[in-house]
Amino acid sequence: HRLRGVLSLDDFEGLAKRHLPKPLFGYIAGASETNASLKMNADAFRGMTFQPRVLRNTSSRSTQTTLFGEEWNSPFGIAPMGISALMAYRGDIVLAKAAQDAGIAMVMSGSSLIRLEEIVEAAPRSWFQAYLPGEPDRIDALIDRVASAAYKTLVLTVDTPVLANRENNIRAGFSTPLRPSVRLVWQGLTHPAWTIGTFARTILNHGIPHFENSYATRGAPIIASNVMRDFGKKDHLSWEHFSRIRQRWNGNLVVKGILHPEDAAIAVQRGADGIIVSNHGGRQLDGTIAPLKALPAIVDKVGFKTAVMIDGGFRRGTDIVKALALGAKFVFVGRPFLYAAAVGGQAGVAKAVSILSDELHRNMGLLGVTEINELSSLLIQRR
Ligand code: FNR
């Protein structure tokens, strides 16, 4: 019933803001420092306008697309988001199953509170995102684990060489791990639906959640202290390590967090099957170019032989169309899906997917196209 008034992806945000304790909502919504990257992500879409075609028969339209030899019902997927199971009961499974049922891609975060094996059992088409250190033994161990869990696609996130400065988390009293405080307890008491439906239910059924997959925090409980101390210290991943990963990993290999065309070229030259143009939703370096703005030069450089994907600020079907028209093969959406999981569980995520998919269908009709691959730069003007 909570979902009845939801008409667009942005509507989930207001509901989540009321439902979640402030520090948790702030963790999802927030970005880094001045939020310049975050704002530029949203603004980039306004810098592009459509020139639609008319009187073409668009009565039967399809959003289906092929990527890495597989059929997907939509050209968008769910971006990896850490500690989702703190925001929504069994959050990662909720996201993965909703994606599986809708026939879209979901990327399981490496900073997750649920074991990566459990996710791929529940939703076999899930992808896995890894944060890796510059340590061959740990690289090999995680890759072998992901391979034996039968993931087909590995996403390596490369825009987190050091932890970002997320002042909003400090101000709101959020940290990983969570440190119990009077303020946090008060937030729990004033958000009983979350406290009972997510937090208490998790602890009763599964015990205190632990980080299950990350090399830096594996085995560390979400409520404790100092487990992130390794993060950013042993994280000196380099292109040489990337080549090692490529040699060991037989599945699809995707590099997430590229903004520079030269890096896209290096990734492809070293054997990447895909790249995700991303500034981590504005959560890492503040003041980066918006992924949408970086996209054309990257497509020019490597798009003819590599799957160029993108994320950052995509909230509408029209946003997705713009990236596809500029040559992206796939778009990932982060925050709205996690808000949807928090307020509505699997049904919430399913609703978010169907809203976005309906928008995309309608926009294709309005643009005069029937297939995803008809979306071309001829339909848009860049300012
Ligand atoms: C993220 N992101 C992220 N990326 C990643 O590679 N591994 C991770 O564990 C996380 N964790 C994470 C948590 C939360 C709460 C958010 C909001 C984001 C970044 C994410 O994959 C993606 O790049 C952005 O979220 C996309 O931007 P939008 O759609 O949220 O604007």
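In which sense do β8 and β9 pair, and over how many bridges? Select both strands to find out: they pair in the parallel sense, over 4 bridges. Keep in mind along the way that this is a predicted model.

**Stop 1: the strands**

Stay with β8, residues 252–258. Of its 7 residues, 6 are buried, which leaves the strand mostly covered. Now add β7, residues 153–157, to your selection: 5 bridges join β7 to β8, and the two run parallel. To see one of these pairings, pick Val155 and look for its bridge partner in β8, Val254.

Next, go back to β9 and click on Val277. Ile258 stands opposite Val277. Val277 also has a bridge partner in β10, namely Ile310. That takes you to β10, which pairs with β9 in the parallel sense over 4 bridges. Select residues 307–311 to show β10; 4 of its 5 residues are buried, so the strand is largely enclosed by the rest of the structure.

**Stop 2: the nonpolar core**

Now for the largest nonpolar core, which has 115 residues. Select Ile275 and Val331, the residues with the most contacts inside this core. Then show helix α15, residues 335–367, which gives the most to the core, with 15 residues.

Zoom in on Val331. Beyond its neighbours within four places in sequence, Val331 is in contact with several residues, including Pro75, Phe76, Phe314, Ile320 and Ala323. You may recognise another contact of Val331 from the last stop: Ile310.

**Stop 3: His280**

Where is His280 placed? Select it and you will land in the loop between β9 and α13, the helix at 291–302. An unreviewed UniProt entry annotates His280 as "active site". Is His280 buried or exposed? A residue counts as buried when 20 or more other C-beta atoms lie within 10 Å of its own. His280 has 22 such neighbours, so it is buried. Leaving aside residues within four places in sequence, the contacts of His280 are Asp159 and Gly257.

**Stop 4: around the ligand**

Finish by showing the ligand and the 25 residues around it. Highlight Ala79, Gly82, Thr157, Gly281 and Gly334, which come nearest. Two elements give two or more residues to this shell: α2, at 22–29, and α15. Try colouring the shell by class, and you should find 8 nonpolar, 13 polar and 4 charged residues.

Key. Residues are numbered from 1 along each chain as its sequence is written. This is a predicted model: local features need pLDDT of at least 70, side-chain atom pairs count only at pLDDT 80 or more; totals for chains, interfaces and linings use all residues. A nonpolar core is a set of buried Ala, Val, Leu, Ile, Met, Phe, Trp, Tyr and Cys residues joined through C-beta atoms within 7 Å. A residue is buried if 20 or more other C-beta atoms lie within 10 Å of its own, exposed if 12 or fewer, and partly exposed in between; C-beta atoms are placed from the backbone. Two residues are in contact if their C-beta atoms, placed from the backbone, lie within 7 Å. A residue is near a molecule or strand if its C-beta atom, placed from the backbone, lies within 6 Å of it. Ala, Val, Leu, Ile, Met, Phe, Trp, Tyr, Cys and Pro count as nonpolar, Asp, Glu, Lys and Arg as charged, and the others, Gly among them, as polar. UniProt positions are given in the numbering used here, feature names are shortened, and annotations may be inferred rather than shown by experiment. Two strands pair if DSSP finds at least two bridges between them.
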